[in-house]
Amino acid sequence: MARVKVVILNWNGRRHLERFLPSVVATTPAGVGIVVADNGSDDDSLKLLADDYPSVERIALDRNYGFAEGYNRALAGLSADYFVLLNSDVETAPGWCEPLIQLLDNNPRVAAAQPKILSLLDRSRFDYAGAAGGFIDRFGYPFCRGRILSTIETDHGQYDDVRDVFWASGACMIVRADVFHALGGFDGRFFAHMEEIDLCWRAQLAGWRIAVQPASVVYHLGGGTLSATSERKLYLNFRNSLAMLYKNLPPRRARIVLKVRMLLDGLSALVYLMQGRRHFYKAVLQARRDFRAWRPQLRSQRSERVDFIPPTVYRGSILLRYLFGKRTFGKMKVGE
(Lines give C-alpha, C1' and ligand atoms only; values in the text may rest on other atoms or scores of the structure.)
Protein backbone atom coordinates (compact mmCIF):
# COMPACT_ATOMS: atom_id res chain seq x y z
CA MET A 1 0.00 0.00 0.00
CA ALA A 2 1.29 3.46 -0.90
CA ARG A 3 1.38 5.59 2.24
CA VAL A 4 0.29 8.61 0.18
CA LYS A 5 -1.99 8.65 -2.85
CA VAL A 6 -2.58 11.54 -5.19
CA VAL A 7 -6.19 11.30 -6.35
CA ILE A 8 -7.45 13.23 -9.37
CA LEU A 9 -11.19 13.36 -10.00
CA ASN A 10 -11.98 13.53 -13.70
CA TRP A 11 -15.17 14.22 -15.61
CA ASN A 12 -14.93 14.51 -19.40
CA GLY A 13 -11.48 15.98 -18.90
CA ARG A 14 -9.34 14.25 -21.48
CA ARG A 15 -7.85 17.56 -22.58
CA HIS A 16 -6.83 18.35 -19.01
CA LEU A 17 -5.36 14.88 -18.48
CA GLU A 18 -3.33 15.23 -21.67
CA ARG A 19 -2.04 18.62 -20.62
CA PHE A 20 -1.52 18.27 -16.85
CA LEU A 21 -1.08 14.61 -15.93
CA PRO A 22 2.47 14.48 -17.37
CA SER A 23 3.60 17.07 -14.81
CA VAL A 24 2.01 15.10 -11.97
CA VAL A 25 3.67 11.87 -13.07
CA ALA A 26 7.04 13.59 -13.52
CA THR A 27 7.08 15.46 -10.19
CA THR A 28 5.38 13.04 -7.79
CA PRO A 29 8.01 11.24 -5.70
CA ALA A 30 8.60 7.51 -5.90
CA GLY A 31 6.37 5.52 -3.59
CA VAL A 32 3.46 7.94 -3.87
CA GLY A 33 0.59 6.42 -5.81
CA ILE A 34 -1.33 8.31 -8.49
CA VAL A 35 -5.02 7.55 -8.99
CA VAL A 36 -7.52 8.98 -11.48
CA ALA A 37 -11.13 8.53 -10.42
CA ASP A 38 -13.41 8.95 -13.40
CA ASN A 39 -16.81 10.46 -12.60
CA GLY A 40 -18.79 8.71 -15.33
CA SER A 41 -17.15 10.47 -18.28
CA ASP A 42 -18.55 9.91 -21.74
CA ASP A 43 -15.37 11.04 -23.49
CA ASP A 44 -12.37 8.70 -23.91
CA SER A 45 -10.55 9.71 -20.72
CA LEU A 46 -10.28 6.13 -19.50
CA LYS A 47 -8.90 4.95 -22.84
CA LEU A 48 -6.23 7.65 -22.72
CA LEU A 49 -5.21 6.50 -19.25
CA ALA A 50 -5.13 2.83 -20.22
CA ASP A 51 -3.09 3.50 -23.37
CA ASP A 52 -0.67 6.17 -22.17
CA TYR A 53 -0.52 5.87 -18.36
CA PRO A 54 -0.74 2.18 -17.41
CA SER A 55 1.02 2.88 -14.09
CA VAL A 56 -1.74 5.26 -13.00
CA GLU A 57 -4.46 3.52 -11.02
CA ARG A 58 -7.96 3.98 -12.42
CA ILE A 59 -11.35 4.03 -10.71
CA ALA A 60 -14.44 4.12 -12.93
CA LEU A 61 -17.57 5.48 -11.23
CA ASP A 62 -20.86 4.68 -12.93
CA ARG A 63 -22.03 8.31 -13.29
CA ASN A 64 -21.18 11.90 -12.45
CA TYR A 65 -21.59 12.26 -8.69
CA GLY A 66 -20.14 15.75 -8.57
CA PHE A 67 -16.93 16.80 -6.86
CA ALA A 68 -18.03 16.05 -3.31
CA GLU A 69 -19.67 12.64 -3.63
CA GLY A 70 -17.33 11.64 -6.45
CA TYR A 71 -14.38 11.98 -4.11
CA ASN A 72 -16.26 10.27 -1.29
CA ARG A 73 -16.88 7.21 -3.44
CA ALA A 74 -13.36 7.16 -4.88
CA LEU A 75 -11.59 7.46 -1.53
CA ALA A 76 -13.83 4.87 0.11
CA GLY A 77 -12.10 2.19 -1.95
CA LEU A 78 -8.51 3.39 -1.43
CA SER A 79 -6.03 2.60 1.33
CA ALA A 80 -3.45 5.19 2.36
CA ASP A 81 -2.41 7.31 5.32
CA TYR A 82 -2.76 10.56 3.39
CA PHE A 83 -4.78 11.51 0.34
CA VAL A 84 -3.73 14.38 -1.90
CA LEU A 85 -6.82 15.65 -3.71
CA LEU A 86 -5.71 17.33 -6.94
CA ASN A 87 -7.79 19.02 -9.61
CA SER A 88 -7.30 17.74 -13.14
CA ASP A 89 -6.34 21.26 -14.31
CA VAL A 90 -3.36 21.69 -11.97
CA GLU A 91 0.28 21.67 -13.06
CA THR A 92 2.63 20.51 -10.33
CA ALA A 93 6.15 21.86 -9.85
CA PRO A 94 9.21 19.81 -8.86
CA GLY A 95 9.23 19.20 -5.12
CA TRP A 96 5.55 20.03 -4.70
CA CYS A 97 4.48 16.91 -2.84
CA GLU A 98 7.21 16.33 -0.25
CA PRO A 99 6.62 19.48 1.87
CA LEU A 100 2.93 18.65 2.21
CA ILE A 101 3.72 15.14 3.43
CA GLN A 102 6.37 16.43 5.83
CA LEU A 103 3.96 18.99 7.26
CA LEU A 104 1.45 16.31 8.25
CA ASP A 105 4.22 13.98 9.46
CA ASN A 106 5.61 16.69 11.76
CA ASN A 107 2.28 18.11 12.96
CA PRO A 108 -0.01 15.34 14.20
CA ARG A 109 -2.92 17.73 14.90
CA VAL A 110 -3.02 19.11 11.36
CA ALA A 111 -5.78 17.31 9.49
CA ALA A 112 -5.36 18.95 6.09
CA ALA A 113 -3.12 21.41 4.29
CA GLN A 114 -2.73 23.09 0.94
CA PRO A 115 0.25 24.36 -1.06
CA LYS A 116 0.72 27.85 -2.41
CA ILE A 117 -1.54 27.94 -5.46
CA LEU A 118 -0.54 30.25 -8.30
CA SER A 119 -2.34 31.03 -11.53
CA LEU A 120 -1.30 28.98 -14.54
CA LEU A 121 -2.20 31.92 -16.80
CA ASP A 122 0.03 34.34 -14.88
CA ARG A 123 2.53 32.48 -12.73
CA SER A 124 3.48 35.63 -10.86
CA ARG A 125 -0.02 35.95 -9.39
CA PHE A 126 -2.01 33.94 -6.90
CA ASP A 127 -4.84 31.72 -8.04
CA TYR A 128 -8.42 32.62 -7.13
CA ALA A 129 -9.21 29.17 -5.70
CA GLY A 130 -7.03 29.02 -2.59
CA ALA A 131 -4.05 31.34 -3.15
CA ALA A 132 -1.90 31.11 0.02
CA GLY A 133 -4.57 29.75 2.37
CA GLY A 134 -8.28 30.29 2.90
CA PHE A 135 -10.36 32.06 5.54
CA ILE A 136 -13.98 33.11 6.05
CA ASP A 137 -15.42 36.17 7.73
CA ARG A 138 -18.16 36.27 10.37
CA PHE A 139 -20.86 36.06 7.69
CA GLY A 140 -19.33 33.10 5.88
CA TYR A 141 -17.76 34.92 2.94
CA PRO A 142 -14.54 33.14 1.89
CA PHE A 143 -11.29 34.92 1.08
CA CYS A 144 -7.61 34.03 0.94
CA ARG A 145 -4.16 35.31 1.65
CA GLY A 146 -3.47 36.72 -1.78
CA ARG A 147 -7.12 36.98 -2.95
CA ILE A 148 -9.90 39.03 -1.42
CA LEU A 149 -13.12 39.03 -3.45
CA SER A 150 -12.04 39.91 -7.02
CA THR A 151 -8.66 41.42 -6.07
CA ILE A 152 -5.79 39.00 -6.69
CA GLU A 153 -2.28 39.85 -5.55
CA THR A 154 1.07 39.29 -7.19
CA ASP A 155 3.22 36.79 -5.31
CA HIS A 156 6.28 38.50 -3.84
CA GLY A 157 6.87 35.85 -1.20
CA GLN A 158 4.81 37.90 1.26
CA TYR A 159 2.81 34.83 2.36
CA ASP A 160 5.55 32.22 2.41
CA ASP A 161 5.14 31.33 6.08
CA VAL A 162 3.58 28.08 7.24
CA ARG A 163 0.51 28.90 9.31
CA ASP A 164 -2.95 27.79 10.32
CA VAL A 165 -5.80 28.77 8.01
CA PHE A 166 -9.55 28.18 8.05
CA TRP A 167 -9.78 26.14 4.86
CA ALA A 168 -7.52 24.35 2.42
CA SER A 169 -8.41 24.50 -1.25
CA GLY A 170 -9.97 21.51 -2.96
CA ALA A 171 -7.84 22.37 -6.00
CA CYS A 172 -4.93 20.80 -4.10
CA MET A 173 -5.34 19.49 -0.58
CA ILE A 174 -3.55 16.85 1.45
CA VAL A 175 -5.77 15.27 4.10
CA ARG A 176 -5.35 12.51 6.64
CA ALA A 177 -7.35 9.53 5.40
CA ASP A 178 -8.58 8.55 8.85
CA VAL A 179 -9.82 12.09 9.55
CA PHE A 180 -11.54 12.34 6.18
CA HIS A 181 -13.39 9.10 6.78
CA ALA A 182 -14.17 9.85 10.46
CA LEU A 183 -15.80 13.13 9.42
CA GLY A 184 -17.89 11.34 6.81
CA GLY A 185 -15.94 12.90 3.95
CA PHE A 186 -17.36 15.79 2.00
CA ASP A 187 -21.06 16.55 2.27
CA GLY A 188 -22.14 14.81 -0.92
CA ARG A 189 -25.31 16.89 -1.11
CA PHE A 190 -23.21 19.95 -1.91
CA PHE A 191 -22.33 18.36 -5.29
CA ALA A 192 -19.61 20.97 -5.86
CA HIS A 193 -18.35 24.24 -4.32
CA MET A 194 -17.87 25.04 -0.62
CA GLU A 195 -17.53 21.35 0.27
CA GLU A 196 -13.85 21.70 1.23
CA ILE A 197 -14.62 24.71 3.44
CA ASP A 198 -17.38 22.73 5.14
CA LEU A 199 -15.04 19.76 5.67
CA CYS A 200 -12.30 21.97 7.13
CA TRP A 201 -14.81 23.64 9.44
CA ARG A 202 -16.03 20.27 10.70
CA ALA A 203 -12.42 19.18 11.22
CA GLN A 204 -11.75 22.23 13.39
CA LEU A 205 -14.93 21.61 15.39
CA ALA A 206 -13.51 18.14 16.05
CA GLY A 207 -10.26 19.63 17.38
CA TRP A 208 -8.07 19.47 14.29
CA ARG A 209 -6.03 22.22 12.61
CA ILE A 210 -5.83 23.24 8.94
CA ALA A 211 -2.63 24.69 7.48
CA VAL A 212 -0.89 26.06 4.39
CA GLN A 213 2.60 24.99 3.28
CA PRO A 214 3.94 27.58 0.77
CA ALA A 215 7.14 25.58 0.21
CA SER A 216 4.90 23.47 -2.02
CA VAL A 217 3.82 25.26 -5.22
CA VAL A 218 1.28 24.28 -7.88
CA TYR A 219 -0.29 26.16 -10.80
CA HIS A 220 -4.06 26.09 -11.33
CA LEU A 221 -5.89 26.81 -14.58
CA GLY A 222 -9.34 27.14 -13.00
CA GLY A 223 -12.83 27.05 -14.47
CA GLY A 224 -12.29 23.57 -15.86
CA THR A 225 -15.80 22.33 -15.09
CA LEU A 226 -17.93 25.40 -14.37
CA SER A 227 -16.83 28.83 -15.57
CA ALA A 228 -17.05 32.00 -13.50
CA THR A 229 -20.05 33.06 -15.62
CA SER A 230 -22.01 29.85 -14.89
CA GLU A 231 -25.37 30.36 -13.19
CA ARG A 232 -25.06 26.78 -11.92
CA LYS A 233 -21.80 27.68 -10.15
CA LEU A 234 -23.40 30.79 -8.65
CA TYR A 235 -26.38 28.77 -7.44
CA LEU A 236 -24.18 26.12 -5.78
CA ASN A 237 -22.03 28.72 -4.05
CA PHE A 238 -25.01 30.60 -2.60
CA ARG A 239 -26.95 27.48 -1.57
CA ASN A 240 -24.00 25.61 -0.11
CA SER A 241 -22.71 28.63 1.78
CA LEU A 242 -26.05 28.98 3.61
CA ALA A 243 -26.12 25.25 4.36
CA MET A 244 -22.56 25.32 5.68
CA LEU A 245 -23.31 28.21 8.04
CA TYR A 246 -26.45 26.52 9.34
CA LYS A 247 -24.62 23.23 9.96
CA ASN A 248 -21.54 24.57 11.70
CA LEU A 249 -22.36 27.78 13.56
CA PRO A 250 -23.71 27.81 17.13
CA PRO A 251 -27.53 27.87 16.83
CA ARG A 252 -28.01 31.35 18.26
CA ARG A 253 -25.21 32.75 16.15
CA ALA A 254 -26.54 30.93 13.08
CA ARG A 255 -29.91 32.66 13.41
CA ILE A 256 -28.28 36.09 13.38
CA VAL A 257 -25.79 35.34 10.62
CA LEU A 258 -28.37 33.75 8.35
CA LYS A 259 -30.67 36.75 8.66
CA VAL A 260 -27.81 39.02 7.59
CA ARG A 261 -26.80 36.67 4.79
CA MET A 262 -30.34 36.42 3.47
CA LEU A 263 -30.44 40.22 3.33
CA LEU A 264 -27.06 40.51 1.64
CA ASP A 265 -27.80 37.68 -0.80
CA GLY A 266 -31.11 39.35 -1.64
CA LEU A 267 -29.27 42.60 -2.37
CA SER A 268 -26.87 40.67 -4.61
CA ALA A 269 -29.84 39.25 -6.50
CA LEU A 270 -31.26 42.74 -7.04
CA VAL A 271 -27.90 43.96 -8.34
CA TYR A 272 -27.84 41.11 -10.85
CA LEU A 273 -31.38 42.01 -11.91
CA MET A 274 -30.49 45.69 -12.40
CA GLN A 275 -27.45 44.64 -14.43
CA GLY A 276 -29.71 42.68 -16.76
CA ARG A 277 -28.32 39.32 -15.60
CA ARG A 278 -31.70 37.82 -14.91
CA HIS A 279 -30.34 34.25 -14.95
CA PHE A 280 -28.06 35.11 -12.01
CA TYR A 281 -30.97 36.76 -10.20
CA LYS A 282 -33.02 33.58 -10.58
CA ALA A 283 -30.07 31.41 -9.47
CA VAL A 284 -29.74 33.30 -6.18
CA LEU A 285 -33.47 33.09 -5.47
CA GLN A 286 -33.48 29.36 -6.25
CA ALA A 287 -30.51 28.84 -3.93
CA ARG A 288 -32.43 30.54 -1.09
CA ARG A 289 -35.55 28.46 -1.73
CA ASP A 290 -33.63 25.20 -1.85
CA PHE A 291 -31.73 26.01 1.33
CA ARG A 292 -35.00 26.59 3.18
CA ALA A 293 -36.31 23.23 1.95
CA TRP A 294 -33.03 21.61 3.02
CA ARG A 295 -33.02 22.89 6.60
CA PRO A 296 -34.96 20.01 8.25
CA GLN A 297 -32.36 17.52 6.96
CA LEU A 298 -29.46 19.72 8.02
CA ARG A 299 -30.85 20.27 11.53
CA SER A 300 -30.30 16.67 12.55
CA GLN A 301 -26.69 16.67 11.34
CA ARG A 302 -25.34 19.73 13.11
CA SER A 303 -21.99 19.40 14.82
CA GLU A 304 -21.77 18.26 18.44
CA ARG A 305 -19.45 21.23 19.07
CA VAL A 306 -21.77 23.94 17.77
CA ASP A 307 -20.82 26.14 20.75
CA PHE A 308 -17.36 26.65 19.25
CA ILE A 309 -16.22 29.08 16.53
CA PRO A 310 -12.67 28.36 15.29
CA PRO A 311 -10.15 31.16 15.94
CA THR A 312 -9.33 31.18 12.21
CA VAL A 313 -12.69 32.84 11.47
CA TYR A 314 -12.22 36.56 10.73
CA ARG A 315 -14.50 38.30 13.21
CA GLY A 316 -15.09 41.32 10.98
CA SER A 317 -16.78 41.73 7.59
CA ILE A 318 -14.55 41.20 4.57
CA LEU A 319 -17.15 43.07 2.46
CA LEU A 320 -16.93 46.20 4.62
CA ARG A 321 -13.16 45.95 4.76
CA TYR A 322 -13.08 45.76 0.97
CA LEU A 323 -15.48 48.70 0.54
CA PHE A 324 -13.24 50.83 2.76
CA GLY A 325 -10.30 50.18 0.44
CA LYS A 326 -8.49 47.38 2.25
CA ARG A 327 -8.36 44.98 -0.65
CA THR A 328 -5.33 42.85 0.13
CA PHE A 329 -4.71 40.46 2.99
CA GLY A 330 -1.57 42.33 4.02
CA LYS A 331 -1.00 42.09 7.75
CA MET A 332 -4.49 40.99 8.76
CA LYS A 333 -4.51 39.27 12.14
CA VAL A 334 -6.70 36.20 11.76
CA GLY A 335 -6.22 33.21 14.01
CA GLU A 336 -2.91 34.42 15.34
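## Cysteines, rings and overall fold

Cys200 is a buried residue, with a relative accessibility of 1%. Keep in mind that you're working with a predicted model.

**Exercise 1.** Work out how many disulfides the structure holds, using Cys200 and Cys172 as test cases.

*Solution.*
- Step 1: Recall the bond itself. A disulfide covalently joins the sulfur atoms of two cysteines.
- Step 2: Set the cut-off. Two cysteine sulfurs have to be within 2.5 Å to count.
- Step 3: Try Cys200. Its closest cysteine sulfur belongs to Cys144 and is 12 Å away, so that's too far for a bond.
- Step 4: Try Cys172, which is buried too, at 0% relative accessibility. Its closest cysteine sulfur sits in Cys97, 8.0 Å off, so there's no bond here either.
- Step 5: Give the total. The structure holds zero disulfides.

**Exercise 2.** Classify the ring pair of Phe143 and Tyr314, then say what it ties together.

*Solution.*
- Step 1: Start with the count, which is 14 aromatic pairs in the structure.
- Step 2: Check distance and angle. The ring centres of Phe143 and Tyr314 are 6.0 Å apart with planes at 80°, so this pair is edge-to-face; the angle cut-off for that class is over 60 degrees.
- Step 3: Place both residues. Phe143 belongs to strand S8 (residues 142–144) and Tyr314 to strand S14 (residues 313–314), so the pair ties together parts 171 residues apart in sequence.
- Step 4: Ask about burial, where the cut-off is under 20% relative accessible area. Phe143 comes in at 0% and is buried; Tyr314, at 18%, is buried as well.
- Step 5: Zoom out. Ring pairs join Phe143 and Tyr314 with Phe126, Phe135, Tyr159 and Phe329 in a cluster.

**Exercise 3.** Find which ring faces Arg123 and Arg327 lie over.

*Solution.*
- Step 1: Look at Arg123. The face under it is that of Tyr219, with the ring centre 4.5 Å away.
- Step 2: Move to Arg327. Here the ring is Tyr322, and the distance to its centre is 4.4 Å.

**Exercise 4.** Decide how compact the protein chain is for its length.

*Solution.*
- Step 1: List the parts: ten helices and 14 strands.
- Step 2: Compare radii. The chain's radius of gyration is 19 Å, close to the 20 Å from the globule rule for 336 residues, so the chain is as compact as a globular protein of that length.
- Step 3: Add the spans, about 50 × 40 × 40 Å for the C-alpha trace along its principal axes.
- Step 4: Check burial across the chain: 56% of the 336 residues count as buried.
- Step 5: Finish with the surface. About 14400 Å² is accessible, and carbon and sulfur atoms make up 52% of that.

Conventions:
Residues numbered from 1 in each chain as written. Predicted model: local features only at pLDDT ≥ 70, side-chain atom pairs only at ≥ 80, totals over all residues. Heavy atoms only, no water. Phe/Tyr/Trp six-rings, centres within 6.5 Å; stacked < 30°, edge-to-face > 60°. Helix = DSSP H or I, 4+ residues; strand = E, 2+ residues; numbered from the N terminus. Buried < 20%, exposed > 50% of the residue type's maximum accessible area, 1.4 Å probe, protein only. Lys NZ or Arg CZ within 6 Å of the ring centre and 35° of its normal. Rg over C-alpha atoms; globule rule 2.2 N^0.38 Å. Areas by Shrake-Rupley, 256 points an atom, 1.4 Å probe, with all protein chains shown as cover.
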